[in-house]
Amino acid sequence: MSSARKASPGSPANRSVPEQSATLQDVARLAGVSASTVSRILNGQVDSSRRDAVEAAIKKLRFKPNLVAKSLRSGVSMTIGVLMQDFDNPYTSHAATGVEDELRSSGYTPILVSGHWSREGDETERVRLLMSRKIDGIVVIGGRLSDAQLLDLSEHQPIVVIGRECHGPRLRSLDIDQRGGGYMATRHLIELGHRRIAHISGIEYQPDAIARMQGYMDAHRDAGLSVDQRLVVRGDFSEPGGLRAMQALLDSGIGFTAVFAANDPTLNGARLALFNRGIDVPGQVSLVGFDGLPPSEYCVPPTTTVRQPIYEMGCTAARELLRLLGVKQLNDTPIGSLELRLVVRGTTAAPPHSAD
């Protein structure tokens, strides 16, 4: 009979041995390069002839650089702040995903904070909160901060802002032709034969809301049509705002056969108001949205919308910020077009005969 005793649960025999973390030297040995070469590649100083071997070794060994030690040595935190308006907002969350995905290959990590559609002063405090975390740069997605405020903040931290046209030594912006998008949406309805086209606008102070409304006006002017100002109602880029605006339009008794909504969530709220009143889309009223968010393809009927390359804008903003930081980027995959595109689906059709 064996005299060996069964080890107790807390004895050394049953304790798990912690898995040893791979070191930079381990990566270098496996890749067949020097440790300094691995360090240069991790820091963005890319040697293309050796990069693949190093990246394969990093993946195989599951190597994770000691970012805390690196930050203490270099003063670089390897973190990027992202100010977005609302975590639940599909536009800002989609753009933030693009930022995060693009940063992944560079080793940078995003820290996300929400402005909650607050006042300018509150957003400034959110940016200063990010700066207090010793981040290396900031991406701002939309928001209420003025150009002057962004320029002032960029003196302390490199900033890239999405949805604005402003530049400085450490400030870059990324915007596309919002006015042209509003024109495109309205022109589509005019070409279908609509002459009474309402517009549910976005937030009053937002540059993109203003530009899209201007495009709506431009399309009427170029078609020789006047705009009935009673058909222009204020929304707030949200579903409830679109619902309230459409209810107000219907309650006014003013005739219209189509609506250009400032974004897709606004359109969805407007669509619900029409459904609640028994009004068919697009049989009685046609709807065009803006943004081309993924859910717009899966509504019933699918939404006609001006697709904005939101995810690609997030990726591009991240690359631009890395350039401001002087980082040589590992990811050289083309991002794709940043142009607007009208996507015609099931919410638009010729006006009913009674509208002629």
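A residue counts as buried when its relative accessible area is under 20%. Asp-291 sits at 3% relative accessibility, so Asp-291 falls on the buried side of that cut-off. The model discussed here is a predicted one, and Asp-291 is a handy place to start looking around it. This aspartate is found in strand β9, and its phi angle is near 115°, a positive value in a residue other than glycine.

Phe-237 tells a similar story elsewhere in the chain. Its phi is near 70°, again positive in a residue that isn't glycine. Phe-237 lies in the loop between β7 (232-234) and α10 (239-252). With a relative accessible area of 9%, Phe-237 is buried too, because the cut-off is 20%.

Zooming out, how many helices and strands does the protein chain have? There are 12 helices and 11 strands. The chain runs to 356 residues, and 47% of them count as buried. Take the contacts between residues at least 6 apart in sequence: 69% of these join residues that are at least 24 apart.

How far can the prediction be trusted from place to place? The mean pLDDT of the protein chain is 84, and 84% of its residues reach 70 or more. Residues 1-19 are another matter, since pLDDT stays under 50 there. For this stretch the model has 5 contacts beyond four places in sequence. Residues 71-75 also have pLDDT below 50, and they make 4 contacts beyond near neighbours in sequence.

Next come two helices that meet. Helix α8 covers residues 178-192 and helix α9 covers residues 207-222; their axes come within 6 Å and cross at roughly 40°. That angle is neither under 35 degrees, which would be roughly parallel, nor in the 65 to 115 range for roughly perpendicular. The two helices are therefore oblique to each other. As for handedness, the crossing of α8 and α9 is right-handed. Plenty of residues take part in the meeting. On the α8 side they include Gln-178, Arg-179, Gly-182, Tyr-183 and Thr-186, while the α9 side includes Asp-208, Ala-211, Arg-212, Gly-215 and Tyr-216.

One of the residues at this crossing deserves a closer look. Gly-215 belongs to helix α9. Is Gly-215 buried or exposed? Its relative accessible area is 0%, so Gly-215 is buried. Leaving aside neighbours within four places in sequence, Gly-215 is in contact with Arg-179, Gly-182 and Tyr-183. Gly-215 and Gly-180 are 35 residues apart in sequence, but their C-alpha atoms are 5.8 Å apart in space.

Helix α7, residues 147-154, shows how burial can be arranged around a helix. Leu-150, Leu-153 and Ser-154 are buried there. Why do these three end up on the same side of α7? They cover an arc of only 100° around the axis, which puts them on the same side. A general rule helps here: an α-helix has 3.6 residues a turn, so residues three or four places apart point the same way.

Glu-155 is found in the loop between α7 and β4 (159-162). Here the picture is an exposed one: Glu-155 has 59% relative accessibility, and because anything over 50% is exposed, it counts as such. Between Glu-155 and Leu-171 there are 16 places in sequence, and the C-alpha to C-alpha distance is 8.5 Å.

Thr-92 is a buried case in another helix. This threonine is in helix α5, residues 90-104, and at 2% relative accessibility Thr-92 counts as buried. Not counting residues up to four places away in sequence, Thr-92 touches Met-84, Gln-85, Asp-86 and Ile-141.

Finally, the backbone has a couple of cis peptide bonds to point out. One joins Val-281 and Pro-282, with omega about 10°. Pro-282 lies in the loop between α11 (264-276) and β9 (286-291). The peptide bond from Val-300 to Pro-301 is also cis, and here omega is near -5°. Pro-301 lies in the loop between β9 and β10 (304-307). Strand β9 thus turns up in the description of both loops, and it is also the strand where Asp-291 is found.

Methods: Residues are numbered from 1 along each chain as its sequence is written. This is a predicted model: local features need pLDDT of at least 70, side-chain atom pairs count only at pLDDT 80 or more; totals for chains, interfaces and linings use all residues. Side-chain values use heavy atoms; hydrogens and water are left out. pLDDT is the predictor's confidence in each residue, from 0 to 100. Contact means heavy atoms within 4.5 Å. Buried means under 20% relative accessible area, exposed over 50%, partly exposed in between (1.4 Å probe, protein chains only). Helices (H or I, at least four residues) and strands (E, at least two) are DSSP runs, numbered from the N terminus. The arc is that of the directions from the helix axis to the C-beta atoms. Axes are lines fitted to C-alpha atoms, for helices over the stretch in contact, and angles run from 0 to 180 degrees between N-to-C directions. Angles under 35 degrees count as roughly parallel, over 145 as roughly antiparallel, 65 to 115 as roughly perpendicular and the rest as oblique. A crossing is left-handed if the near helix is turned anticlockwise from the far one by less than a right angle, and right-handed if clockwise.
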